[in-house]
Every structure is written in C-alpha cells, then in structure tokens.
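Please open the model in your viewer and keep the selection tool at hand, since each stop on this tour begins with something to select.

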Amino acid sequence: MSLQIFGLAVSRGVAIGRAVLVASSRVDVDHYFVEGPAIDAELVRLDTARVTVEGEFEALKRDLPADAPAELAALLDVHLMLVNDEALIGAARQWITERHYNAEWALSAQLEVLARQFDEMNDPYLRERKADLEQVVERLLRSLGHGSPLSSLNGGPGGSPVRPRDFGGEDPLVLVASDISPADMLQFKRSVFTGFVTDVGGKTSHTAIVARSLDIPAVVGARQASSLIRQDDWVIIDGDAGLVIVDPSPIVLEEYRFRQRQSELERERLARLRHTPAVTLDGERIELLANIELPGDAPAAMESGAQGVGLFRSEYLFMNRGGKQPSEDEQYEAYKSVVTAMNGLPVTIRTVDIGADKPMDRMTSHELRHETQLNPALGLRAIRWSLSEPGMFRQQLRAILRASAHGRVRLLIPMLAHLTEIRQTFEVIAQARQQLLDAGHRLGAVEVGAMIEVPAAALMLPTFLRHFDFVSIGTNDLIQYTLAIDRADEAVSHLYDPWHPAILRLVADTIHFSRLGGKSVCVCGEMAGDVAFTEILLAMGLRSFSMHPTQIAAVKQRILRADTRRLASRLHDILASDDPERTAKQAFGATAGALAEA
Ligand code: PEP
Ligand code: MG
C-alpha cells in the first residue's frame, strides 16, 4: 500500500527510484556494487566468512568449561543455527546476485529486513533473538574485513563508479538513510543515486547544502523514513513539497513522471540564460558568483556562467582523510586548480570551517552531539579552531597565498566575532606571507574579507569595515545564531525563518553600511540562491550574490525582470512590517504589476 512521509524540502525536483537503504548497523560497512565475475567472487567471500564464523562458534562451544552454564551452550547453538540459516545467508546471496551488492552490504541489508520482522513479533523470547542475529552478522562482517559506511558507494575499494546493470533493467536508485555526514555527502557527488531522503537534518544543514549543490531532489527531516521504507521499495522524492511517497500507485507515478519531464524542460529553458549578463531593467549590473566545495566543482561553476567563485568551502578538502590534514602542497595544488579553471575570474577561498555539523571525520551531526553532549555550533569551529591550531592555519594561508600567483584570489575568514580574533588572524596572515616572501615566492595581491555570520559581527560592522577589504554575509549561520535555532535540527526547523524581521534588519543594515563604507558586500548563504529572496536582496542594495552554480540561471531570470529603484522604494514598509514575508509578496507583486503596466 502506498505511504506518504513528510519532511523538509531542501533540494528541488522529483526523483523516482528504488530505495537503497543504508543500514544503521553497529558495524561500519562498505557499500558498493559488484559486476560480472566479481559477483561470484563476492559469493565466495560470503561463504568463506560463513565457514570461518561457523568454525569460531564450534571452537567456542568445544572449549566451553565443563562448569559453564547450560544457557551458554544453548546460545552458541542458536548462533550456529543462524549462521547457516537460509533466511540470512540465502537471502544475502540473493542481494549479491540480483542487486549486485557487495557481501557486507548484502548482509546488513538482510539484517535490516530480519530485524524488522523480529521487532514485529509478539513473543518476547523471539523478539530478543534479534540481538543474537545482530551478533552473528557482526561476526560475519568482521570476518569479511569491513570498511566504513558509504565509503565505497562509488565503486568497490579502489574501483571506479559502477552501477548494477543486469538485474531488472536500469532502475534509478535513491538513497535512504537515517543521517548522512557531510563527509559521506561528498562521496555522494560521484555516485549513482538520483535522490535522497534522511530522517534528520534542517534546511541549511550541510547535508542539504551539498544536495542542492548536486541539484539532486532531496527531503531531509523525514523522521521515520529509514524505518518505514524497505530495501528496494519504489519511492518518489518530491523535493519541492518535502514529500516522500513509498510504493506509489500507477496514477501517482505517472503524474510525477510528467512533473519530472516538466522540470527537465524548465531547466533546459533556464540554461539558455547562461551567457546573458545579469542586468536589471534599470541597468544595474549584478554579480553572480558560485559556491563550491571541491576543486572538481570549478568547471560546473564556469559552465553556469558564474562570474567567479564567491565561496570555496575549503573544509571539504579536509574530510574523508581519516583525520589526516592535507599538506600545504596538496592544498596549494587544489586552490591553484580552481584559480586556473576560473581563468582570470576571482576565486574567494574561505579558510577552513571545520566543526559544528561539519566534523572532519564522517560523523553525522547527531552522532557528534550525542558523543560530546555539548553544542558544537557554539564551540570550537571555523576561525576559532584555526586560531587554536596556528601551525595548521599558517599552512593553509601559505597554500592560499601561493595560489594567488596564478590568478585573482580573495581570502575569506569565517565566524569572526571579536576584535582579538581579527587581530590574531591578520598576524597569522602576515607571518604566512613573510615566510613565503623569505622563501622567494611570487605572490599576487590578495584581498581579505570577513564573513558576517554571527550577530555580534553584524552589530559591530564598522570595526569589520575598518579592517577588511570586503564582507560576505553567511545567512545560514546568521539565522542560526540570531534566532537560536540549530540549523541541522529538524525538531526546530519550523522556527528557522529567513523572513524573521530581525534577520532582514541585520542583512539590510550590513548591506547598507558596507556600501556606505565603500566596501563590497556579498551574500553567500542559501538566501542568495533562493529566488524567493532575490527581489528583497536587490531592494536592500545587494549587487553581489553567491550560490550553487545550479541556482544561478533561476536567480538571473528574476534579476532580468527586476527594477531596483522600484524594489528599493518598498523596502521601508517591508522592514517595518510584523509580517515581512506577506508585505514583501504584496509589495513586489504590486511592483511586478506596475512593471507590466509600464
Ligand atoms: C553561511 O553560514 O551562510 C555560510 C555560507 O557558510 P556555511 O553554510 O558553510 O556555514
Ligand atoms: Mg557559515
């Protein structure tokens, strides 16, 4: 029967596919597809693991002391029975042969299926057998030499991206998980999935941001999704409405297929605006920049018609490395490759923003909170972490400054809130620069900017304007810290409101006073790429927007239809309103009407 699950719409579009459930097994598991002869090899691996574990149980039973309680021997018998059970091993073989899962994935997928059956049992004795099953599967996984979750979604260890071919056609796949760490989302960039659903997460959680950068339909905060959806279920992800439909009826499926085609056409239409300059009706030139996460994103930024990179989130270079930080040379090569790919256009590199919901390893934000019992968003993150690790910070700064020899580099510092932090930051920059000059490096001119993403920074803007060449408003964090709403927490996501009067006031004042002070100002938070905010940001005087490359065309379309003088004339009423969203809709609707008449 069809089932609907509601969550948060975080990445637009419709995805239809079979669910691939990433099990929340207690043991980290590699997930990858196997093909051709590798399928038989995988069956052999599974069987070898089974024989090994069976041998281990038999040895344990044999070596039981004579006075051991009878229950122990009985328990080992249960484990021996389970390790040979067709419901486990036979079904796992089937996942391998039919779905082309690797052995670890097949076992954890089947564990998920059986665990659910155990949960539904009325008999408490039988329900408890679930723990035995988990122990047996864990032993099998250990014997297989398991890896880490999601680490190989793009292919086997060392393999290239593959997708299953020979089973039931080429069904698209969607990923369903309880939570996905930003590090794992990076892997997702090159994977086969056409959409994803998670139980947890907020609209501007980094998981959602990476999904938007991929332009893949996604719903997060869909609470029970990973327990309600089963492996292989047909799933529709409606990324516009925040809806997940499991096992849809043929009529619903057809309707969504139609919508999928419509949004494809819309995208193709928008793509034609790529080379059109972003100029408003009254002749204001608007700068549209790209947000990127990895050097490999630079070609897409160029392709989208971006006039440069407004935010390179360098912390993603630090992830998926087993906690080992990238060397200066590695970073230099990465920054240089972006600068070169952007071919003379400016590249704004933000120093590392590790911490909060972007831990260096693959922890999800929920695991992180659970582990530390503290609030990492208010802790040692971004510039605070960089200043606490001056060696690492200098190294990153040297790598960025060296890249300036190859093009236009701008340096951006995240999360500043104190004058002491500003002073320390400039000291470390000066040290890094001096070290490079002493070593005979040739450096370009590098502007230094600050992110305005803590209310304290917005409220002490004149100090920032005195010290920095430019500012960039990080609305994602500015909203989180002004409204005291954890951006990754779906439980309070309804309160995460970019239209809140306090947010609009802080953003409007930062734009206004930066321009008045003769400093350039950009918005690089998610607000910049959301067409619902294009008019109000223009009305506030914003002339530089930075967003995912995939959002540029839609924002440009709004800009081409806008008249900044008319929009600005409505700003006062909107900012003074108790309900700015409604007032803006009325005011800009009226503006659009006036334009149509003009
Ligand atoms: C922001 O906070 O708005 C921002 C752009 O930075 P991040 O999303 O990486 O924290
Ligand atoms: Mg931020």
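Begin by selecting tryptophan 95 and tyrosine 101, both of which are buried, where buried means under 20% relative accessible area, exposed means over 50%, and partly exposed lies in between (1.4 Å probe, protein chains only). These two residues form a stacked aromatic pair, with 5.5 Å from centre to centre and 0° between the planes. Rings of Phe, Tyr and Trp (its six-membered ring) pair if their centres lie within 6.5 Å, and planes under 30 degrees apart count as stacked, over 60 as edge-to-face and the rest as tilted. Now add Phe33 and Trp105 to the selection, and you have one aromatic cluster made of Phe33, Trp95, Tyr101 and Trp105.

Before going further, note that this is a predicted model, in which local features need pLDDT of at least 70 and side-chain atom pairs count only at pLDDT 80 or more, while totals for chains, interfaces and linings use all residues. Residues are numbered from 1 along each chain as its sequence is written, chains are lettered from A and ligands numbered from 1 in the order in which they are written, and side-chain values use heavy atoms, with hydrogens and water left out.

Next, select phenylalanine 426 and phenylalanine 468, whose ring centres are 5.1 Å apart and whose planes meet at 45°, so the pair is tilted. This pair links distant parts of the chain, 42 residues apart, because phenylalanine 426 is in helix α15 (residues 419-438) and phenylalanine 468 is in the loop between α17 (461-467) and β14 (470-473). Helices (H or I, at least four residues) and strands (E, at least two) are DSSP runs, numbered from the N terminus. Is each ring buried or partly exposed? Phenylalanine 426 is partly exposed, with a relative accessible area of 26%, whereas phenylalanine 468, at 1%, counts as buried.

Move on to helix α1 by selecting residues 37-62, a run of 26 residues that reaches 38 Å from its first C-alpha to its last. Its buried residues include Leu43, Leu46, Val53 and Phe57, and the buried residues of α1 pack against α2 (70-83), α3 (86-99), α4 (103-119) and α5 (124-144).

Now select strand β4 (residues 173-177), where five of the five residues are buried, so the strand is largely enclosed by the rest of the structure. Leu173, Leu175 and Ala177 lie on one side, with Val174 and Val176 on the other. Add strand β3 (residues 14-21), which pairs with β4 in the parallel sense over four bridges, given that two strands pair if DSSP finds at least two bridges between them. Four bridges also join β4 to strand β5 (residues 193-198), again running parallel, and in β5 valine 197 stands opposite valine 176.

For the next stop, select ligand 2, the magnesium ion, whose protein donors are Glu453 (OE) and Asp477 (OD), lying 2.0 to 2.1 Å from it. Donors are N, O and S atoms within 2.8 Å of the metal (3.2 Å for Na, K and Ca), and water is not among the atoms, so sites may look incomplete. Both glutamate 453 and aspartate 477 are buried.

Finish at serine 472, which is in strand β14 and is buried, with a relative accessible area of 2%. Leaving aside neighbours within four places in sequence, serine 472 is in contact (heavy atoms within 4.5 Å) with Leu412, Ala450, Met451, Ile452, Cys522 and Cys524.

Conventions
The expected span of a helix is 1.5 Å times one less than its number of residues.
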